[in-house]
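Got the model open in your viewer? Let's take a walk through it, one selection at a time.

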Amino acid sequence: MKCATLLIALALAIAPAACSWYSYDAPRPNILILLVDDLGYGDIGAYGNTTIKTPNVDRLAAEGVLLTQHLVASPMCTPSRAALLTGRHAVRLGMSGSKIARVMPSPATPGGISLNEITISSMLKAAGYLTGMVGKWHVGMGENCSHCPLAHGFDSYWGMPVTNVQACGQRPEWFTQASMHHFILDQYPAGMVFRTCYTLLTALSGMWLVGWLSGRAFCLQALALLFVIFAIFWVPSTIMLLNTKACVLYANNEVIEQPVQLKYLTHRETFHAKEFIESAATTGKPWFLYMSYTKVHTALFVADERAGVSAHGDFGDNVEEMDWSVGELLTTLDRLGITDDTWVYFSSDNGPWRESGAEGGACGRAPADPAHSLKGGKAQTWECGIRVPGIIRYYKYRLGAG
């Protein structure tokens, strides 16, 4: 029943703008998508959490439809977001990743969603909508930003084209050799190659010491192995997401901050989202805003005044700051008198990263409530990896609340 409700709501909201046979004189809703990063099914009050206060998201749920069997297309960022934007399974887009890298691991990663693909934004732009995006993109940049949001139907963009990771938090413990070494050994096939090189290097040293290998042969082979070890260590620590240089902030197709300063990033995202809504509302045209929060992916960050507020620790502080932003946007709709004309969809790209411990979300009502916990988490196709919050509110068609 919930799935049917979602499909009907999507059809009612988008079909008038997308179908050529529909009169352009008919009312067309504004569309606001609120997508959170790594938010778990049990991380907001509407789904039973009692340790994190989310009054604004709870308001959406009370005034709209709360989906309790809401599944995303993938338990990982890049493929899930690609599927959301196109309505196609990521594997059909070439965006499902591989065992080596299941997401876009670096700003230097080539490609992205094909420029020939129809996205929500390109479809709505063709139908006369103003289209804007704020926040995390993470479905490809390409050379000279050839796969960035402006290439896929968005009129404007402000945000991080890749993603927020631990290095963006600029915490010193993430820049020690031990941490990098630990990271590499956990990867496949990098970890396997790393261990093999270590083993061969040890064996070569022994053969040289007992005289079974000449000094020249030992030096040549040892240098080759050391080069492989260096390359495996250098790549993730320089051009991948473990380097602060990968933490970039864009305005349209231009870099405006590198590395990004996280502390007040949610406030800045909220400002630009409100600015888009307010500007679009003056034109008389329908608009589409894709508000893709950088939160609550690690590295966790909050403004100074919001630190230590939640009973749920650092993660709770982050969810509550995201909820504050949702409230700012809903208040903007109310102030402009366009709440009834705006279709709002709230969700998460995948389940929480439970391996991060206190920095990860919950797959049930709360971490201390195992009786209501779902199995698995982010990157896994168990229920917690793909079952996420889903809320729809659209007054125009009076979707039943609850």
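Start with a helix. Select the buried residues of α3: C77, T78, P79, S80, R81, A82, A83, L85 and T86. Buried here means under 20% relative accessible area, while exposed means over 50% and partly exposed is in between, using a 1.4 Å probe and protein chains only. Helices (H or I, at least four residues) and strands (E, at least two) are DSSP runs numbered from the N terminus. Helix α3 covers residues 77–86, and 9 of its 10 residues are buried. Now show what those buried residues pack against: β1, α4, α5 and β7. Contact means heavy atoms within 4.5 Å. Right after α3 comes G87, with a positive phi near 75°.

A word on the ground rules before we move on. This is a predicted model, in which local features need pLDDT of at least 70, side-chain atom pairs count only at pLDDT 80 or more, and totals for chains, interfaces and linings use all residues. Residues are numbered from 1 along each chain as its sequence is written, and side-chain values use heavy atoms, with hydrogens and water left out.

Colour by pLDDT next; that is the predictor's confidence in each residue, from 0 to 100. The protein's mean pLDDT is 84, and 81% of its residues reach 70 or more. Select residues 16–23, where pLDDT stays under 50 and the model has 9 contacts beyond four places in sequence. Do likewise for residues 172–178, where pLDDT also stays under 50 and there are 8 such contacts. Where pLDDT is low, the predicted coordinates should not be read in detail.

Back to the neighbourhood of α3. Pick I113, in the loop between α4 (90–93) and α5 (120–126). Its relative accessibility is 0%, so I113 counts as buried. Which residues does I113 touch, not counting those up to four places away in sequence? Light up A82, L85, T86, M95, V139, H147 and H152. If you draw a distance from I113 to T86, the C-alpha atoms are separated by 9.0 Å, with the two positions 27 residues apart along the chain counted as their spacing.

Time for the interior. A nonpolar core is a set of buried Ala, Val, Leu, Ile, Met, Phe, Trp, Tyr and Cys residues joined through side-chain atoms within 4.5 Å. In the largest one, with 49 residues, the members that touch the most others are L34, W287, M322, V326, F346 and I391. Elements giving two or more residues to this core are β1 (30–36), α2 (55–63), α9 (265–281), β7, α10 and β8. The largest share, 7 residues, comes from α10. A second, separate core holds 32 residues, including V65, M95, M133 and F154.

Keep F154 selected and add W137, F288 and Y290: these four form one aromatic cluster. The structure holds 7 aromatic pairs (rings of Phe, Tyr and Trp, the last by its six-membered ring, with centres within 6.5 Å; planes under 30 degrees apart count as stacked, over 60 as edge-to-face and the rest as tilted).

Rings can also have a charge over them, when NZ of Lys or CZ of Arg is within 6 Å of the ring centre and within 35 degrees of the ring normal. Show K375 and W382: the charged end of K375 sits over the W382 ring, 3.8 Å from its centre. Then show R387, which lies over the face of Y41 at 4.4 Å from the ring centre.

Next, go to R393 in strand β9 (residues 390–393). R393 has a relative accessible area of 1%, so it is buried. Its side chain makes a polar contact with the side chain of E63 at 2.7 Å. That term means a pair of N or O atoms within 3.5 Å; within protein, one must be able to donate a hydrogen and the other to accept it, and residues adjacent in sequence count only if both atoms are side-chain atoms. Another such contact joins the side chains of H312 and T51, at 2.5 Å.

Last stop: backbone oddities. Most residues other than glycine have a negative phi, and most peptide bonds are trans. Zoom in on Q258 and P259, joined by a cis peptide bond with omega about 0°. The bond from K295 to V296 is cis too, with omega near 5°. Finish at D38, a non-glycine residue whose phi is positive, near 65°.
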